Amino acid sequence: MRAFVIAVFGFLYLPIALVVLFSFNAGRNASEIVGFSFRWYGTALSNPFLVEALQNTLIVASTSAVLAAVFGTSAALGLARVGPRTRAVFDALFGAAIVVPGVVIGIATLVALVALFAAVNPLLASAWPGPNPPRLGLGYSSIIAAHGLFSMALVTMIVRARLGSLSRDLVEASSDLYATPLTTFRSIVLPQIFPAILAGLLLAFTFSFDDFIIAFFVAGAQTTLPIYIFASIRRGVTPEINAIATIVLIASVAMVLVAQALLRRRS
Amino acid sequence: MATATARRTLVTTLLLAPATAWLVVFLVLPFIAVIVFSVGLRAPEGGYQAAFTLAQYANLGARSTAFWNTMVLAPAGALACLLVAYPVAYYLALRVSPRRRLILLALVVIPFWTSLLMRTYAWMYILGARGIPAFLDLIGIPDVRLLNTPGSVMLGIVYGYLPLMILPIYVSLERLDRRLLEASADLGATPVSTFLGVTLPLSLPGVMTGISLVTILLLGEYLIPTLLGGGKVFFIGNALVDLFLQSRNWPFGSAIAVTLVVASVLVLLVANRVTARISGARQVDLI
């Protein structure tokens with residue numbers, strides 16, 4: 001069994017190792033190692049399309065993760081104060097946001113937004129005094145909205161788990177000592193749930209950063225990094241893509257490790 | 001007292017308001033929109049034209065290949081995942097010291113948190129003409145084609161979803177009461193009959209969680225069949241991308257999306273029913 005487990009770990013890491021290895025390959029060829037070089041990292045980072053895609057992805061991932069952390073935490077706190085029936089409704093909706101396949105989330109968001117734009121844009125045009133009325137369209141905000149949905153569900157789940165294990169004695173002691181609810185929250189509850197919020201934020205960021213399929217539907221003319229990588233792969237894998245994939249790999253592993261450490265830390 | 005209750009209600013409402021708004025605007029309304037679109041017609045220039053017809057649903061057979069591939073390969077992929085995952089989960093939960101367990105567990109989770117896109121395209125390398133086939137050619141086995149076959153898609157599925165299968169099984173095995181194993185051995189059971197009579201049945205909730213989770217995610221899979229199936233092994237996800245982004249037949253795509261969601265819900269319900277039957281009411285958390 002030991003041998004089998006070792007083989008499975010090899011299976012899990014061999015492809016990742018190959019991508020990293022070939023990102024340092026001096027040659028262009030994907031089948032032989034010519035020498036060690038950082039040149040593909042240089043090529044990748046001086047490719048304006050790639051850099052723009054990376055910037056877009058960072059904007060989308062950080063905005064949706066921060067929104068999800070704020071609203072998700074607020075929802076988790078709210079859900080601790082409501083009855084079982086309300087909680088069940090929210091549980092079902094959050095569950096749906098996580099379980100419904102990304103393709104469907106992407107499609108639903110696309111269909112709803114296009115219907116909305118079709119209704120709103122003529123109104124905007126007729127109400128606009130100047131010659132160039134603003135037009136709502138797909139782009140950053142639609143990706144942020146769609147990513148924020150499952151990210152928020154994720155944050156709510158993690159923060160609620162943490163709230164469940166929070167020691168009630170401290171909260172009661174605090175209010176016995178005449179602290180206002182807000183003071184109790186700021187000095188007792190928030191410090192205890194903060195690691196969970198941060199972990200949720202980092203995981204949400206990673207999820208959004210990696211998502212291809214939802215963004216593919218709702219990005220409109222914007223390009224995110226996964227969309228760019230996908231398009232490049234279909235034209236043929238290049239060492240440049242290996243370099244950018246390696247950078248992304250290291251960044252997301254670092255982020256997940258930090259999130260894990262935050263979740264494990266017991267106060 | 002009444003004002004205190006009123007204030008409490010107000011605070012609760014304010015706390016829940018943003019999430020509610022988000023869920024309604026970006027989940028509930030979009031789903032209603034998809035259902036409405038699915039009973040409409042394709043506009044001549046593409047997109048949607050208002051109507052009330054079940055023609056789109058009657059036409060689902062036009063994409064039967066995609067449905068067929070998904071309905072066969074998703075559960076088959078989940079089962080293949082299970083066969084590889086179970087020994088690993090068992091080893092991690094019952095055969096490794098707690099210190100090493102954490103490290104090995106992290107090693108299982110890390111690939112899951114790295115881009116599926118990147119991990120999948122690595123296999124395009126390995127299975128592609130310059131990878132294993134070139135090596136086989138070198139040792140005298142020419143003309144092997146590995147990429148763009150159902151087999152390569154299955155491999156990609158097992159690779160991509162393995163961590164998601166290992167974790168729930170690991171959790172249920174790790175929570176298992178070790179005294180039961182000792183009791184079984186004390187009563188003279190062989191290791192095999194202890195496994196079959198005690199360990200395996202108690203881990204079934206985790207197995208069910210893993211299978212339903214992986215199957216549901218696979219129902220909507222797009223990247224793996226696209227990259228490793230080369231457009232020959234079509235899933236429902238591929239049909240949806242094609243209908244929405246290329247042929248712009250939104251009503252038909254919406255009908256397929258609705259069918260997909262219904263299928264996912266059915267998988268979940270069946271899985272819950274089976275889990276409840278085999279385990280009483282034991283729950284397995286994923287996070």
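This note comments on a predicted model of two chains, A and B, point by point.

1. Confidence. The model is a prediction, and it scores ipTM 0.87 and pTM 0.87. Chain B has an average pLDDT of 88, and 96% of its residues score at least 70. Residues 281-287 of chain B fall below a pLDDT of 50, and this stretch has 18 contacts in the model beyond near neighbours in sequence.

2. Architecture of chain A. Chain A holds 11 helices and 0 strands, so that its elements, read from the N terminus, run α-α-α-α-α-α-α-α-α-α-α. Along the principal axes, the C-alpha atoms of chain A fill a box of roughly 70 × 70 × 30 Å. Of the 267 residues in chain A, 48% are buried. Among the contacts of chain A that join residues at least 6 apart in sequence, 71% link residues at least 24 apart.

3. Interface between chains A and B. The area buried between the two chains is about 6800 Å², and carbon and sulfur atoms give 84% of that area. On the side of chain A that touches chain B, helix 1 (residues 2-23) of chain A gives the most, with 14 residues. The residues on that side of chain A divide into 63 nonpolar, 10 polar and 5 charged. In total, 78 residues from chain A and 69 residues from chain B take part in the contact. The rule finds 0 salt bridges across this interface, while 10 residue pairs, both members at pLDDT 80 or more, are in polar contact between the chains.

4. Salt bridge in chain A. Over all chains, the search of the whole structure finds 4 salt bridges. One of them joins the side chains of Arg160(A) and Asp91(A), at 2.7 Å from N to O. Arg160(A) belongs to helix 6 (residues 140-164) of chain A and Asp91(A) to helix 4 (residues 84-99) of chain A, so the pair ties together parts that are 69 residues apart in sequence. Both partners are partly exposed: Arg160(A) has a relative accessible area of 26%, and Asp91(A) has one of 37%.

5. Salt bridges in chain B. The side chains of Arg101(B) and Glu174(B) meet in a salt bridge at 3.8 Å, N to O. Arg101(B) lies in helix 4 (residues 98-113) of chain B and Glu174(B) in helix 7 of chain B, so this pair ties together parts 73 residues apart in sequence. Arg101(B) is buried, with a relative accessible area of 12%, whereas Glu174(B) is partly exposed at 33%. A further salt bridge links Arg179(B) with Asp177(B), where the closest N and O atoms are 3.0 Å apart. Here Arg179(B) is exposed, with a relative accessible area of 60%, and Asp177(B) is partly exposed at 31%.

6. Asn121(A). This residue lies in helix 5 (residues 102-127) of chain A. Asn121(A) counts as buried because its relative accessibility is 7%, under the 20% limit. A polar atom of the Asn121(A) side chain lies 2.8 Å from the backbone nitrogen of Leu136(A). Neighbours within four places in sequence aside, Asn121(A) is in contact with Pro134(A), Arg135(A) and Leu136(A).

7. Val258(B). The position of Val258(B) is in helix 12 (residues 250-279) of chain B. Its relative accessibility is 17%, so Val258(B) counts as buried. With neighbours within four places in sequence left aside, Val258(B) is in contact with Val34(B), Ile35(B), Ser38(B) and Tyr57(B). Pro133(B) stands 125 residues from Val258(B) along the chain, and the C-alpha atoms of the two are separated by 41 Å.

8. Backbone points to check. Which residue of chain A, other than glycine, has a phi near 65°? That residue is Tyr178(A), for which phi is positive. Tyr178(A) sits in the loop between helix 7 (168-176) and helix 8 (181-210) of chain A, and is exposed, with a relative accessible area of 77%. In chain B, Asn148(B) likewise has a positive phi, of about 65°, although it is not a glycine. Asn148(B) lies in the loop between helix 6 (132-138) and helix 7 (150-174) of chain B, and is partly exposed at a relative accessible area of 22%.

Definitions and conventions: Residues numbered from 1 in each chain as written. Chains lettered and ligands numbered in written order. Heavy atoms only, no water. Helix = DSSP H or I, 4+ residues; strand = E, 2+ residues; numbered from the N terminus. Buried < 20%, exposed > 50% of the residue type's maximum accessible area, 1.4 Å probe, protein only. Contact = heavy atoms within 4.5 Å. Buried area = accessible area lost by both parts, 1.4 Å probe. Polar contact = N/O pair within 3.5 Å; in protein donor to acceptor, adjacent residues only side chain to side chain. Nonpolar A, V, L, I, M, F, W, Y, C, P; charged D, E, K, R; others polar. pLDDT = per-residue confidence, 0-100.
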